Amino acid sequence: MAQSAAAASGPDSSSVAVQLLVRNIDSRTTVMRAQRGDTLESVLDRLGEGVARSGELRVVHAGRELPHGATIGELGLPWDATLHVSARLLSTRHVDAWDLACKIAGAARLAAAGQKVFVASLEMLVRRFLDFDRAAKVYRGSSGSSWDVDDHLDVFLRSGAPVSLVQLYLSEQDEACRGEAARAIRCFQSAVETWTEPVLLEFCWSFAAGARLSDPLYTASRSMLATVLSDPTPERWRDVPRQRVAEQLTRLAGEVANAVIQEIAAPTAAAAACNLAEFKVFWPVLREQVLELGADTPRRPWRRALTQTLLSLLRSVNDCMARFEMSLPPGGKHASPSSALPKWTASLHGVWAVLAELDAWPDLRQAMRTTLAAHATAVTALVLSAGRELCWDIRWITRHRDLLESEARRHLAMATLPDPELVAGIDAPPHEMLIDRARLLSDSFAYIALATPGALVSAALVVAFKHEQATGPGVLREWFCLVCQALFNPRLVLYSPCPHDRRRFFVNPTSVVDPLHLQYFKFSGRMIALALMHNIHVGVLFDRTLFLQLAGRPITLDDIVDADPTLHASFKQILEMDPSLVDSDVLGLRFVREVDVFGSRSATELLPGGKDTPVTSENRHEFIDLLIRDTFVNSTRYQLGYFAEGFSSMLGETTVFQTAFFQSLDVEDFDEMLGGSKGSIDVKQWRAHTHYRGYGEDDLQITWFWKAVESMTVEQQRRLLFFWTSVKYLPSDGFVGLGFRMFLSRASSSCDHLPTSQTCFYHLNLPAYTSPSMMQSRLQMIVQEHVSSGFGTS
């Protein structure tokens with residue numbers, strides 16, 4: 001029981017204030033003043049930390065219990081009134097827990113103050129207290145009740161035991177007392193599975209208040225707290241005030257932030273694993289607490305300290321970026337994923353961790369954006385230096401993808417795809433396919449659409465065409481190109497080409513004429529994903545409307561210009577019309593979309609009551625947005641869903657990977673990854689990357705050969721390249737991106753024979769023709785569409 005008495009000295013009974021002397025349940029004594037207008041509950045709430053919540057306290061005066069909601073004046077208490085305060089326990093089962101907690105706190109506090117007390121039993125008392133918690137867990141597991149577990153934690157915190165134990169350990173008392181306190185603290189550290197974050201946080205706070213941040217017991221408590229916090233737990237703080245949690249976490253987060261700042265700023269330092277790990281734990285939890293408090297949080301010292309720490313982090317990152325840019329090679333060349341970074345970036349994970357945390361704070365996003373934009377070259381180089389695992393940790397940078405160069409965006413996207421060389425099982429048999437060219441799609445569908453994703457991703461793909469000896473990578477590349485071009489052939493009605501760019505496609509809403517169309521959309525999703533994984537350019541481009549849907553981005557008016565230029569022009573005209581003319585209903589437009597499918601005309605309301613809602617100058621933007629959505633999204637959602645299902649199945653049976661892939665890119669990046677170079681072939685570059693066997697560079701046949709190539713159309717050049725290498729569309733960087741040398745060899749056959757090729761090795765075997773006209777005629781035969789495919793050998 002705690003006693004509270006008004007001081008015998010002071011003003012007379014007409015005073016508006018009462019001075020209280022409070023002796024709390026943990027034996028602490030507090031002197032405080034209360035106004036007559038204060039409620040008894042507000043007085044109890046001001047008693048301080050370590051005191052039970054006011055609702056758990058019982059206050060008695062002159063033999064009667066006082067109501068907490070009444071004011072001091074309403075209670076008619078004289079200025080010299082004596083109050084008795086005791087704990088109103090929620091259950092009689094808490095009596096022993098309160099008793100033990102108070103004994104622990106009281107003994108530790110008195111010993112730290114230098115009083116002669118017996119502390120040798122602290123560890124034993126702590127172990128007994130932990131036994132209460134274990135017993136409560138057993139009881140809860142057997143009965144389904146949740147009593148005691150949370151309450152025991154509150155008992156220990158409100159008794160002031162954590163602070164008292166740390167104060168004793170940090171005191172100047174004899175080693176026996178300090179050792180006993182240390183052993184008691186370690187009891188809780190070893191029992192972390194039964195004690196939640198608030199206790200460990202209180203330990204860390206007390207150590208920091210004592211300026212003993214290098215003490216091993218403190219670092220152990222901090223590390224254990226980080227371990228516990230790394231496991232997401234709902235309501236981890238229970239009834240602990242959020243501001244108190246934020247205040248305590250600010251000190252810890254600032255400490256690890258300063259350590260990480262020093263590590264990423266040092267030219268040769270590597271980030272300490274423990275500091276970086278704790279940084280990644282403390283800061284997100286702190287951010288969660290601060291954001292939960294809201295923008296109206298008072299500007300208290302801890303909040304100002306937090307702001308200063310964030311700004312220090314931002315300045316440090318800015319300085320690092322500036323130094324890194326100075327170390328990059330001239331000419332805008334960046335470090336590739338396989339090349340070494342300058343020494344100062346040895347703490348690359350630390351740099352990215354700080355960047356990610358800064359970007360997550362709403363108040364700093366504009367400053368972060370400015371910093372990233374000022375050092376876009378450095379950010380691109382850092383992205384290119386990130387391995388596959390780190391690329392997953394830096395997905396947030398895709399929000400700023402416009403600041404990255406295309407190569408960096410493609411690098412992020414490719415990190416979401418399985419690498420066939422890494423995932424292929426050592427003992428996994430190859431996925432062999434024997435394809436009849438006359439049944440290209442049906443045979444390929446059977447091998448790909450009906451196979452399990454694991455069989456396609458974890459095994460090598462091997463393709464052979466019926467009645468042909470060729471096999472190997474060249475045949476695989478040819479098969480990918482042929483199948484994808486067949487799938488996107490307008491005659492198959494799965495996809496429609498854009499009117500002004502026949503290589504660019506969007507989903508055809510009338511594909512329902514084929515009863516198997518949805519399964520073929522799923523098949524095409526798998527084929528596109530596999531082509532990307534194997535880095536094969538198939539010459540197909542997605543229209544912006546199709547790409548944006550896969551990336552989860554909205555489609556705007558300007559995005560439909562390629563897919564339907566007529567509709568785009570019509571919408572532009574409606575938006576540019578005089579408002580009075582639109583309001584006169586001269587256009588007769590309603591919120592309805594009319595569709596003519598195979599001679600059957602139907603109408604779809606764009607909103608409830610749309611057929612009776614005229615388009616006006618005020619709602620025309622809404623009308624156009626709804627019409628675009630219905631035309632390019634709603635009408636093809638099933639087809640797109642099956643495509644996405646097929647695509648995702650190659651990435652791990654989850655749409656998370658698919659979304660991450662497309663969100664990393666702009667449509668132009670995807671064009672380069674899937675379609676290859678759209679421009680003409682540079683014959684000079686082609687010649688520079690060709691080596692000769694059996695021929696000399698100055699031989700007449702070589703001179704005649706390149707003159708014949710220069711005289712070809714772009715399509716004929718692509719067919720020759722495809723015959724030679726099974727590559728029809730070059731990477732964005734041309735022949736350099738092939739990664740292999742091309743060879744032109746003297747064939748042993750007579751001049752009557754056509755050239756042959758070994759596509760797997762990029763070899764073209766050229767007979768020694770005797771005249772330019774003979775060379776020209778033989779090559780013209782090769783570049784015919786029906787000859788350039790399936791003529792080479794492995």
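Me: What makes R401, R409, R553, D666 and D669 a network?

Reply: In this predicted model, R401, R409, R553, D666 and D669 are linked by salt bridges, where a salt bridge requires a side-chain nitrogen of Lys or Arg within 4 Å of a carboxyl oxygen of Asp or Glu. The structure holds 23 salt bridges.

Me: Why is the contact of E255 with R222 called a salt bridge?

Reply: The closest N and O atoms of E255 and R222 are 2.5 Å apart, and the cut-off is 4 Å, so the pair qualifies. E255 lies in helix 9 (residues 242-265) and R222 in helix 8 (residues 216-229), so the salt bridge ties together parts that are 33 residues apart in sequence. Both E255 and R222 are buried.

Me: How do you know that E668 and R544 form a salt bridge, and what do they tie together?

Reply: The side chains of E668 and R544 meet at 3.0 Å, N to O, which is within the 4 Å limit and therefore counts. Because E668 belongs to helix 28 (residues 667-675) and R544 to helix 22 (residues 544-550), the pair ties together parts that are 124 residues apart in sequence.

Me: Why is E668 called partly exposed?

Reply: Its relative accessibility is 41%, so E668 falls between the 20% bound for buried and the 50% bound for exposed. R544, with a relative accessible area of 29%, is partly exposed by that reasoning.

Me: Is D443 buried or exposed, and why?

Reply: D443 has 13% relative accessibility, and because buried means under 20%, D443 counts as buried. Its salt-bridge partner is R439, with the closest N and O atoms 3.3 Å apart, and R439 at 47% relative accessibility counts as partly exposed, since exposed would need over 50%.

Me: What makes strand 16 an edge strand?

Reply: In the open sheet of four strands, the order is 14-15-17-16, with mixed pairing, and the edge strands 14 (690-693) and 16 (756-758) each pair on one side only. Three bridges join strand 16 to strand 17 (residues 763-766), and since two strands pair if there are at least two bridges between them, this count suffices.

Me: Why is the pairing in this sheet called mixed?

Reply: Strand 16 and strand 17 run antiparallel, whereas strand 15 and strand 17 pair in the parallel sense over four bridges, so both of the senses in which strands can pair occur. One bridge on the antiparallel side matches T756 with N765, and on the parallel side L744 has L764 as its partner.

Conventions. Residues are numbered from 1 along each chain as its sequence is written. This is a predicted model: local features need pLDDT of at least 70, side-chain atom pairs count only at pLDDT 80 or more; totals for chains, interfaces and linings use all residues. Side-chain values use heavy atoms; hydrogens and water are left out. Helices (H or I, at least four residues) and strands (E, at least two) are DSSP runs, numbered from the N terminus. Buried means under 20% relative accessible area, exposed over 50%, partly exposed in between (1.4 Å probe, protein chains only).
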